There are 2 protein chains.
Amino acid sequence: MTIKVGIVGYGNLGKGVRKAIEQNADLELVAVFTRREPGQLEAGQEGVRFEHISTAEQHKGSIDVMILCGGSATDLPEQTPAIASMFNTVDSFDTHAKIPEFYDKVNAAAKQAGTLSVISTGWDPGLFSLNRLLAEAILPEGKDYTFWGKGVSQGHSDAIRRVPGVKAGVQYTVPVQAVIDRIRSGETPELSTREKHLRECFIVAEEGADQEQIRETIVTMPNYFADYDTKVNFISEEELKAEHEGMPHGGFVIRSGVTGAGTKQIVEFGLKLESNPEFTASVLVAYARAAYRLSKEGQSGAKTVFDIPLGHLSPKSAEELRRELL
Amino acid sequence: MTIKVGIVGYGNLGKGVRKAIEQNADLELVAVFTRREPGQLEAGQEGVRFEHISTAEQHKGSIDVMILCGGSATDLPEQTPAIASMFNTVDSFDTHAKIPEFYDKVNAAAKQAGTLSVISTGWDPGLFSLNRLLAEAILPEGKDYTFWGKGVSQGHSDAIRRVPGVKAGVQYTVPVQAVIDRIRSGETPELSTREKHLRECFIVAEEGADQEQIRETIVTMPNYFADYDTKVNFISEEELKAEHEGMPHGGFVIRSGVTGAGTKQIVEFGLKLESNPEFTASVLVAYARAAYRLSKEGQSGAKTVFDIPLGHLSPKSAEELRRELL
């Protein structure tokens, strides 16, 4: 018996979820739900059934978990409570400041429906959050550091593309290696986000554009670049296509703590991802398995990564896990 | 209201637990239980109450969790089931091959008594196990690698001290950096434990001993060194005392997996510990908090790190965790 899964939304994340489900024999994709015309999505997607989101309700009882792949700005605040009133759900809501409010709304909807919703999973929030919690609980005296990258920042890439004379471009957030090395060697400096990261831009300039002017506009741009160490590289359109089409990302959570009389102890978790959406999708799929199991156990309401025993993520039995992985 | 904790066994690990409890305001040490004469342990340990292990039963109802700090070879196989028949327990049983059998015995004792026992926690088994599980569940197609060190191996240190002409010495297991670098860069080689680690010995020779003979005896010693790349350094007694009295350890769990059409994704967890026993103790103390909470929730029997939501390790409420750490 497989766990029956639906996908809501079919951008990069939704496509990643489809691929991740194929890697897990105990899960089965029933249908992809979309706000677009389902027929438009079918070309080149053999073996996937597309349905309009308005038909979701008809699948009540035949889909075990819906994986919600919309964005945090406008999609998920509406979608998660609505879908949670019919199905178990998993989402990657990542607007940190709004998580408490989002939790309350989803929890109320899921409790009332008797469904279970895993909210705000992925890698940050998600795996990074787990590691922040774990290291802080074990080393209460200490400092932790989260670094992001090297990875594309969509907001900053959009900002550079709006600069006059810029034809195309991409921006990477890059953790400062020298700072990471200091922390790994046991120092615990006070650092702002901007001291931990630099920004690197790869730009295709329009023909005849003043590169010096573009550079100046970017590095002095308030909020986005002015306070950061920013490097601007001009490249050809061919190079941009060849080298910068991927969606790599990653980062580190490092806690540097002390035990006893000043004994240094360092805990580090890191990710190096060739595809951010495919990895996030793989996390969502593992949590879909957990959502199904928790629901079968009779639990309901909103849950976060903090509430879920990690054994529930694996297709292996508790006995197999103890024998093979402990 | 604090969680009342007892410590059973007062070697390096038990001492580490005492120090870790002092770092956690919600925990309180009631007494240290020992098989030795309690009076012998009191010198220089102000503020700690020592009791003979035979008196433990009298504390039933007034100690919430017993942290068992004995060894895995002979202490814990007896102690954990015995103490679990009276108290919630946490231990660091680390004989991997015998965990299933140990689990069954402890589970039976704890179920019958209505207590809860967290077995086999620490960092390996423990945090490393959690990370092996997490990465495998998220990246089902992949390979994982566990490296230990740089850290002292007690068994190998004992072996070199038995070599004729050796006055004192210590052996470190050291992960091979070049191999780690290959894996971090995306390669997935097949590697045995000996290909991933080298062995480094620091030896104080007896006066007039033949150093070349000692080196030869060590590097050709079957099982312990013959199949490893082994480096032997001769140092003075003063240097041994100054540089090699600590108990550093650590290591890495790295999973290199693929998603989609061969997209590489790497997940890594690492520890760099100045004191292995103090860090292990800190993990046990965080799991003591979890054992107490699970027991309060009405659960009983043996549990491993795979069964416990990580939120239970933290003194913070679920709401605080969502707001501050998610």
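Here are some worked exercises on a predicted model with two chains, A and B.

**Exercise 1. Unusual backbone spots**

Task: Find which residues are joined by a cis peptide bond in chain A, and say where A:Lys150 lies.

Solution:
- Step 1. Go to A:Gly149 and A:Lys150 and look at the bond between them: the peptide bond is cis, with omega about 0°.
- Step 2. Now place A:Lys150 in the fold. Strand E7 (142–148) comes before it and strand E8 (151–152) after it, and A:Lys150 sits in the loop between these strands of chain A.

Task: Do the same for the cis peptide bond between B:Asp124 and B:Pro125: what is omega there, and which loop holds B:Pro125?

Solution:
- Step 1. Omega for the B:Asp124 and B:Pro125 bond is about 5°.
- Step 2. B:Pro125 belongs to the loop of chain B that runs between strand E6 (116–118) and helix H5 (127–138).

**Exercise 2. A serine with a positive phi**

Task: What is phi of A:Ser120, and is A:Ser120 buried or exposed?

Solution:
- Step 1. Read off the backbone angle: phi of A:Ser120 is near 55°, which is positive even though the residue isn't a glycine.
- Step 2. Find the neighbourhood: A:Ser120 is in the loop of chain A between strand E6 (116–118) and helix H5 (127–138).
- Step 3. Check accessibility. Buried means under 20% relative accessible area, and A:Ser120 has 0% relative accessibility, so A:Ser120 counts as buried.
- Step 4. Try the residue in the other chain. B:Ser120 has a positive phi of about 55° and is found in the loop between E6 and H5 of chain B. B:Ser120 counts as buried because its relative accessibility is 0%.

**Exercise 3. The surroundings of A:Ser157**

Task: Work out where A:Ser157 is and which residues it touches.

Solution:
- Step 1. Start with the element: A:Ser157 is part of helix H6 (residues 154–161) of chain A.
- Step 2. Ask about burial: A:Ser157 has 0% relative accessibility, so it counts as buried.
- Step 3. Look for a polar partner. A polar atom of the A:Ser157 side chain lies 2.9 Å from the backbone oxygen of A:Ser153.
- Step 4. Leave out residues up to four places away in sequence, and A:Ser157 touches A:Val152, A:Gly169, A:Val170 and A:Gln171.

**Exercise 4. Two domains in chain A**

Task: Describe how domain 1 and domain 2 of chain A meet.

Solution:
- Step 1. Mark the bounds: domain 1 covers 3–123 + 277–320, while domain 2 covers 127–274.
- Step 2. Get the spacing and the contact. The C-alpha centres of the two domains lie 29 Å apart, and the contact takes 11 residues from domain 1 and 12 residues from domain 2.
- Step 3. Look at the area. About 970 Å² is buried between these domains, with carbon and sulfur atoms giving 80% of it. On the domain 1 side, A:Trp123, A:Phe279 and A:Phe306 lose the most area, together 62% of what that side buries.
- Step 4. Count the interactions: there are 0 salt bridges between the domains, and 3 residue pairs in polar contact.
- Step 5. See what the domain 1 side is built from. Helix H11 (residues 276–296) gives its largest share, 4 residues. By class, that side has 8 nonpolar, 3 polar and no charged residues.

**Exercise 5. Chain B against chain A**

Task: Say how many residues each chain brings to the contact, and what holds a place in the interface.

Solution:
- Step 1. Count: the contact takes 64 residues from chain B and 64 residues from chain A.
- Step 2. Turn to area. The chains bury about 5,600 Å² between them, of which carbon and sulfur atoms give 62%. In chain B, B:Gln23, B:Arg322 and B:Leu326 lose the most area to chain A, together 15% of what that side buries.
- Step 3. Look for charged pairs: there are 2 salt bridges across the interface. One salt bridge joins B:Glu136 and A:Lys316, whose closest N and O atoms are 2.9 Å apart.
- Step 4. Add the polar contacts, 30 residue pairs between the chains.
- Step 5. Find the elements of chain B involved. Those supplying at least two residues each include H5 and helix H12 (318–324), and E13(B) gives the most, with 11 residues.
- Step 6. Sort by class: the chain B side divides into 30 nonpolar, 18 polar and 16 charged residues.

Notes
Residues numbered from 1 in each chain as written. Chains lettered and ligands numbered in written order. Predicted model: local features only at pLDDT ≥ 70, side-chain atom pairs only at ≥ 80, totals over all residues. Heavy atoms only, no water. Buried < 20%, exposed > 50% of the residue type's maximum accessible area, 1.4 Å probe, protein only. Domains from an automatic or database assignment. Contact = heavy atoms within 4.5 Å. Buried area = accessible area lost by both parts, 1.4 Å probe. Nonpolar A, V, L, I, M, F, W, Y, C, P; charged D, E, K, R; others polar. Polar contact = N/O pair within 3.5 Å; in protein donor to acceptor, adjacent residues only side chain to side chain. Salt bridge = Lys/Arg side-chain N within 4 Å of Asp/Glu carboxyl O.
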